[in-house]
Amino acid sequence: MAKDSLVKEVVIPDIGDFDSVEVIEILVEAGDSIAVEDSLISVESDKATMEIPAPEAGVVVEVKVAIGDQVSQGSLVLLLEPSGDAPAVAAAPVVEKSAPAASQPAPVAAPQPAVQPVAQPQQLSPSPTASINEVSFARAYASPSVRKFARELGVDLGRVAGSGRKGRIIKEDVKAFVKQVLTQGMGQGTGGMVVAPMPEIDFSQWGEVETQKLSKINKLTGKFLHRNWVTIPHVTQFDQADITELDALRKTMAADLSDEQKDKGSKITMLAFLIKAVVSGLRELPRFNSSLDASGENLILKNYFNVGIAVDTPDGLVVPVVHDADNKSLVDIAAELGEISQKARDKKLKPSDMQGGCMTISSLGGIGGTQFTPIVNAPEVAILGVSRHKMTPVWNGESFEPRLMLPLSLSYDHRVVDGADGARFTSFMAQVLADANGLVK
Ligand code: CAO
């Protein structure tokens with residue numbers, strides 16, 4: 001008998017009310033040996049996520065779906081060469097709620113399908129690992145098979161940053177987390193960072209309290225910031241730039257904008273000058289335009305100039321990127337900044353709008369403060385913090401002159417940038433910002 005005749009088609013079973021659902025994760029690949037009820041793919045509707053299980057054991061010959069495909073009952077998932085073990089009587093998709101927040105509605109009950117979705121996420125067995133925080137583990141946004149995998153490895157999903165769609169944690173994130181913990185442990189000879197668990201405190205014992213859910217952005221950025229804070233040896237270099245002439249130039253340029261540009265809300269902002277200055281700094285000191293590779297043994301130097309901007313939105317911090325800032329004029333950058341910060345606040349940024357940054361600027365100048373210590377936005381190696389400018393008496397050798405001084409706070413990854421280059425970078429920034437005409441192109 002020809003081998004092909006042994007190959008069976010595995011299709012999406014009856015998944016009840018879910019008409020057309022999106023494939024969000026592929027859990028097997030050609031050549032994998034699978035057992036009955038092993039999860040094959042995860043699909044997601046706006047109400048729930050489900051894992052489609054294997055109806056029988058065998059070897060995967062070919063996966064026929066891709067991430068992002070829309071599928072429904074009967075859609076071909078993969079070709080399987082059965083091993084001959086008894087097929088499952090009814091392999092039911094495992095369903096869980098579609099978002100991590102506990103306030104999300106539970107999956108809407110479907111009219112009884114042939115295979116019955118499980119209404120709730122899998123119940124967690126008592127943790128085999130003391131370091132797993134059951135509350136954050138249960139809240140983490142991950143499929144049942146990823147939860148199982150994490151539990152086998154003793155990984156607290158609450159500490160893993162999800163790179164899947166909508167911040168979902170996928171198997172690769174768990175692997176990367178384990179790799180990172182092991183690498184740190186080996187590097188420091190400490191067996192990984194051990195910190196005392198945060199105590200659970202009932203604050204209402206001291207007075208009235210209100211519990212607010214963290215937004216999805218808060219949770220995601222929180223995880224990345226925490227990772228960057230504990231894994232990157234930060235140093236922050238402070239300096240001041242004399243922007244007296246820059247500010248005058250900015251005001252002249254703003255007044256010179258056409259009525260059409262003004263009507264469109266175009267504004268010549270200080271941030272546009274800072275982006276141009278950062279591009280010059282990256283050219284002058286190329287090590288700032290680099291990233292460490294995953295092994296930590298190689299430096300990848302970039303020949304493009306994309307600058308990220310930290311934007312404060314009601315839902316939390318996001319960092320859209322001005323791509324190819326070296327090829328854009330100051331006026332164009334100013335216009336683009338207006339657009340991306342509006343998009344950020346309207347939650348309309350696409351993932352590609354926030355990727356590919358070389359260095360980030362975090363400007364708190366419009367709000368206040370004298371200096372701060374920003375956290376490096378890895379895999380970038382430096383971030384420039386900007387605080388509120390101040391008219392300051394500056395000694396010119398003969399007398400005090402009123403000069404508008406802008407505080408700069410540059411945090412950098414000390415594995416890549418040494419202290420001398422940190423100081424060179426801020427001095428260079430101060431120099432180019434003081435001669436703002438050079439930035440207008
Ligand atoms: N010193 C004094 N005033 C400043 C200034 C500075 N360094 N930078 C800007 N300003 C003033 C501007 O002149 C402007 O004043 P007017 O309204 O009178 O013209 C006002 O502040 C707003 O400035 P802007 O429109 O140019 O906006 P911006 O460049 O200050 O900020 C953006 C844009 C998107 C960076 C900002 O809205 C934002 O989200 N900042 C917060 C970023 C953040 O949260 N960083 C923290 C990350 S680490 O946790």
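This passage looks at the overall build of the protein and then at the surroundings of its ligand. The model is a predicted one.

To start with the protein as a whole, the chain folds into nine helices and 20 strands. Of its 441 residues, 40% are buried. Among the contacts with a separation of 6 or more, 63% link residues that sit 24 or more positions apart. As for the outside, the accessible surface adds up to about 23,600 Å², and carbon and sulfur atoms account for 53% of that.

Now to the ligand. Its shell is made up of 19 residues, with Lys267, Asp312, Arg345, Ser362 and His389 the closest. Sorted by type, the shell holds seven nonpolar, seven polar and five charged residues. Three elements each put at least two residues into this shell: helix H7 (270–284), strand S14 (311–313) and strand S17 (359–363).

Several polar atoms of the protein sit by nitrogen atoms of the ligand. Ser362, one of the closest residues, places a polar side-chain atom 2.8 Å from a ligand nitrogen. The backbone joins in too: a backbone N or O atom of Ser387 is found 3.0 Å from a nitrogen atom of the ligand, and for Gly365 the distance from a polar backbone atom to a ligand nitrogen is 3.5 Å. On its own the ligand would expose 970 Å², and the protein buries 68% of that area.

Note on methods: Residues are numbered from 1 along each chain as its sequence is written. This is a predicted model: local features need pLDDT of at least 70, side-chain atom pairs count only at pLDDT 80 or more; totals for chains, interfaces and linings use all residues. Side-chain values use heavy atoms; hydrogens and water are left out. A residue is near a molecule or strand if one of its heavy atoms lies within 4 Å of it. A polar contact is a pair of N or O atoms within 3.5 Å; within protein, one must be able to donate a hydrogen and the other to accept it, and residues adjacent in sequence count only if both atoms are side-chain atoms. Accessible areas come from the Shrake-Rupley method with a 1.4 Å probe; for residues, only the protein chains shown count as cover. Helices (H or I, at least four residues) and strands (E, at least two) are DSSP runs, numbered from the N terminus. Ala, Val, Leu, Ile, Met, Phe, Trp, Tyr, Cys and Pro count as nonpolar, Asp, Glu, Lys and Arg as charged, and the others, Gly among them, as polar. Buried means under 20% relative accessible area, exposed over 50%, partly exposed in between (1.4 Å probe, protein chains only). Contact means heavy atoms within 4.5 Å.
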